[in-house]
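Colleague: I should like to work through this structure step by step, as one would with a first-year student. May I put some questions to you about it?

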Amino acid sequence: MLTIISVSVIFLGLLFYVVGTTKITRICDAAGIRPHSLFMYHGSFPAILAVAPPLVLLSLWVVADDIVFNMMLEARFPEGLEVEGRQTILILLAQIRNIAEGIIVGQPDDWIIGLADTLSNWRNTSDTIIAGITVGLSVICGLFGISRVKPEFRARNAVEALLLTGLGICSLIAIITTIGIVFSVIFESIRFFKLVPPLEFLTGTVWNPEFEGAARAGSGQEGMSAYGSIPLFVGTFLISIIALSVSVPVGLFSAIYLSEYASKRVRGTVKPLLEILAGVPTVVYGFFAALSVAPFFRETGGMFGLDVASESALAAGFVMGIMIIPFVSSLSDDVISAVPQSLRDAAFGLGSTKSEAIKKVVLPAALPGIVASIILAVSRAVGETMIVVMAAGLAANLSLNPLDAVTTVTAQIVTILVGDQEFESAKTLSAFALALTLIFITLVLNFFALQIVKKYREQYD
Amino acid sequence: MPLTKTEQIVNASLKARRKKERAFQLFGIAAIALALFFLVTLMGSILSKGIPGFFQYYITLEIELDRERLDPLGDLSEQSLFDGQAKKIIEEVVLEKTGAKSRNGRKAARKLLSNGSDTRLTSFVRANPSLLNSTQKVKFALDDDADSYFRGFVKKETPEQQRRLSNIQIEYLDKMNEDGLISHEISDYLFFGSASRNAEMAGIKGAAIGSVLTLLVCFVIAFPIGVATAVYLEEFAPKNKITEIIEININNLAAVPSVVFGILGLAIFINLFGLPRSIPLVGGMVLALMTLPTIIISSRAAIKSVPPSIRDGALGVGASKVQATMHHVVPLAIPGMLTGTIIGMAQALGETAPLLMIGMVAFIVDIPGSVTEPGTVLPVQIFMWADFAERMFVQKTSSAIIILLLFLILMNGGAIWLRKKLERRW
């Protein structure tokens, strides 16, 4: 249905293009004058009017109709129906939808079949209405466009204005996405904070969302679930620190060597090779961490009599460190190269060796940029998901021992939200609260990085 | 001439300072060597596990393709072949080849072949109906445990209770191997098989097609919107508060962790809009939003690199601002924009976390035929396989990783080639 409507609207657009150009050609030929704009613009103006508004309307309708139908169906649920939370309603709605599409599983209740029939009726009506409205709108807009086509009509300006509006709307997508992110996270977070006080979430030291289901089943473990996020943040912090202690020294020294010592040929070969590390998908690093690095650490630790957990923070953090080496090295390389040659020359003139010039002059000058690159690396490490999901495990231990298993904010979000969720439960909602804090942390880190760069950028230019 | 006091101090310190200089340089070289060592270890570990994963052990059996038994209805339909006795025919041959007599022995022998052998036989029959009623050599995959035995993961020396193959099974496998029935070949299941819990039958075809569909959706959405945004911001946008907010927003979106985009997809596309879970359409939309900042930023850089003289030239001969941009600036910036887009697509191809959250992690055997049919993608497939304990899955996971990396190398290589080939230096 959708395809038929869209195709016919586009066809109408083409038709109006032909009508527009024909009309302007006729008038001008008869009067022997030249129009204000090229013929193409006189055709495009009605064509754009005939296509764009109906298609926008159609896509809005497609998004909205299911939402509206769901609300209308819910209002028609029989009285006295026992509904346990949002989850059951969603399941019922999905069942009705499936039956309406002809997929019948088991023996549904009569009222469900009744509603399914109602739904398919609504859908048919809705399809007819929207088909009528879109085609009608297309014709009306197109005719309006045609009526404007005259030799003195500034068609080019009109078409360009429409085009610019289109471009402007596209650039709003970025804002809409941000709003979407904020809203999808904030509403659920507010609901979560109604169930769990924010103070408990931010300062609690026990993270144990698993008992929700058991408490529901009446196993007598009510109140066992705990939503203190401190262990998650400590875990995230620990893994990030390990990652940084691998990536910062390696990345920084590589950057210094590449920008100050290396010949052009070495630089040209090594730099792309290092950047391969940034291009490898994180799931590959996760696999590498879980299958190669973790057992290696475990065995090595065992030789020294250390008890390394099979899913240790060390393995995950170490591999994450490898992943972010290129972030540190590329950005630092850029800022080190940006330090003016005159500073180095001055240091050499005073008799310093190359390393002295680097340590005492170049690095201090490049420091703000280097700090910014490290902050960006931190934000990358905090937001990294797959490595920790696959290699760091899910045990929410409050521990700073790198040999223990810890978990992180991102790993918890993924575990909670993968698969089927109970919508009303605090467990599911907690993932949104975690996401909110995660977004907040990464944005703050980013903000600081940008501020540092901005503040010190032009000092040496 | 005696040295001055300063010269003496300097000379005395020179040795130590030169030593420090050398040490500093060594640190740099060591850091690069370490980073390259990590790269080599990573690749080595994947390749050493993954290359054997491209092969698997097959057994060639002479099967009598008795039409009456295989195709009881005689019309070669799916139902008819399903009703036929493909499984039994294969088992008879296996029992004959192993010489299994006792009840336990027969049971053990049956387990040596892959579960999918009967499907393989029926599809063979369907592809070659003319061969019915003749005796043909047909190749079947070994069960993953039997396969592991030939790979050396299951050892004879291990006590019987601790390995997944019994003594009698190993005896049968050795016998068939001596008879020359077993061969080690490139795995057709890996490339043409779909998701399966049986390691020997699992393949990446479904996931690869899912990846292609998802990327297609991602490209169709992200490329036009990204380019339009870049053109607007770079050429037309008035310098006001709204433009500033848009620019800050784009930079912030580039910093948001990918898992958050998964939450967006889950909350908005699935829960609010009511789109189905696990479909490439939703996956593509989420990835499109995620790659949008990359595309916008690189497209803006590409537009910026077009020299102002081009615009001035167009404006000078009477083009409007829009004409100058659309007819001259954008076509010249397209190679740069495409390069950025390909790099963004490569990122999207390797992304896992947001797709987990919109349900692309479901176990889906069918290969998606369109963007609205449930499917999975390569990285998610890798993630799921990595969870399975069987030794053969470890190798298959590594093989899938090699294939994914090859795709990424291809895309990034393409981007570099495009840049070298098409980008103009002004």
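The questions and answers below concern a predicted model.

Colleague: How many helices and strands are there in chain A?

Modeller: The model is predicted, and the secondary structure of chain A is computed from its atoms. Chain A contains both types of element, namely 16 helices and two strands.

Colleague: What is the radius of gyration of chain A, set against that of a compact globule?

Modeller: The C-alpha atoms of chain A occupy a box of roughly 90 × 75 × 35 Å along the principal axes. For a compact globule of 461 residues, one would expect a radius of gyration near 23 Å. The value for chain A is instead 31 Å.

Colleague: What percentage of the residues of chain A count as buried?

Modeller: A residue is buried if 20 or more other C-beta atoms lie within 10 Å of its own. Of the 461 residues in chain A, the share that counts as buried is 42%.

Colleague: Which helix of chain B gives the largest share of the side that touches chain A?

Modeller: Between the two chains, 66 residues of chain B are in contact with 66 residues of chain A. On the chain B side, 18 residues come from a single helix, which supplies the largest share. That side divides into 50 nonpolar, 13 polar and three charged residues. The helix asked for is α1 (residues 5-53) of chain B.

Colleague: Is the crossing of α13(B) and α15(B) left-handed or right-handed?

Modeller: Helix α13 (residues 280-304) of chain B packs against helix α15 (residues 321-350) of chain B at an angle of about 145 degrees, and their axes are 8 Å apart. The contact includes Leu287(B) and Met290(B) of α13(B), with Val329(B) and Ala333(B) among the residues of α15(B). By class, this contact has 12 nonpolar, 10 polar and no charged residues. The crossing is right-handed.

Colleague: How far apart are the C-alpha centres of domain 1 and domain 2 of chain B?

Modeller: Chain B is divided into domain 1, which covers 55-186, and domain 2, which covers 205-422. The distance between the C-alpha centres of these two domains is 45 Å.

Colleague: Why does Phe348(A) count as partly exposed?

Modeller: Phe348(A) is placed in helix α12 (residues 341-349) of chain A. From Val63(A), Phe348(A) is 285 residues away in sequence and 67 Å away in space, C-alpha to C-alpha. A residue is exposed with 12 or fewer neighbours and buried with 20 or more. Phe348(A) is partly exposed because its number of C-beta neighbours inside 10 Å is 14.

Colleague: Is Asn133(B) buried or exposed?

Modeller: Asn133(B) belongs to the loop between α6 (117-127) and β2 (135-141) of chain B. Its phi is near 65 degrees, a positive value in a residue other than glycine. Since Asn133(B) has 11 other C-beta atoms within 10 Å, it is exposed.

Colleague: Is Ser278(B) buried or exposed?

Modeller: Ser278(B) lies in the loop between α12 (258-272) and α13 of chain B. Although Ser278(B) is not a glycine, its phi is positive, at about 65 degrees. With 21 other C-beta atoms within 10 Å, Ser278(B) is buried.

Colleague: How far apart in space are Gly369(B) and Ala254(B)?

Modeller: Gly369(B) is found in the loop between α16 (353-357) and α17 (378-387) of chain B. Gly369(B) is exposed, because 10 other C-beta atoms lie within 10 Å. In sequence, Gly369(B) and Ala254(B) are 115 residues apart, and the C-alpha to C-alpha distance in space is 32 Å.

How values were computed: Residues numbered from 1 in each chain as written. Chains lettered and ligands numbered in written order. Predicted model: local features only at pLDDT ≥ 70, side-chain atom pairs only at ≥ 80, totals over all residues. Helix = DSSP H or I, 4+ residues; strand = E, 2+ residues; numbered from the N terminus. Rg over C-alpha atoms; globule rule 2.2 N^0.38 Å. Contact = placed C-beta atoms within 7 Å. Nonpolar A, V, L, I, M, F, W, Y, C, P; charged D, E, K, R; others polar. Axes fitted to C-alpha atoms, helices over the stretch in contact; angles between N-to-C directions. Left-handed = near helix turned anticlockwise from the far one by under 90°. Domains from an automatic or database assignment.
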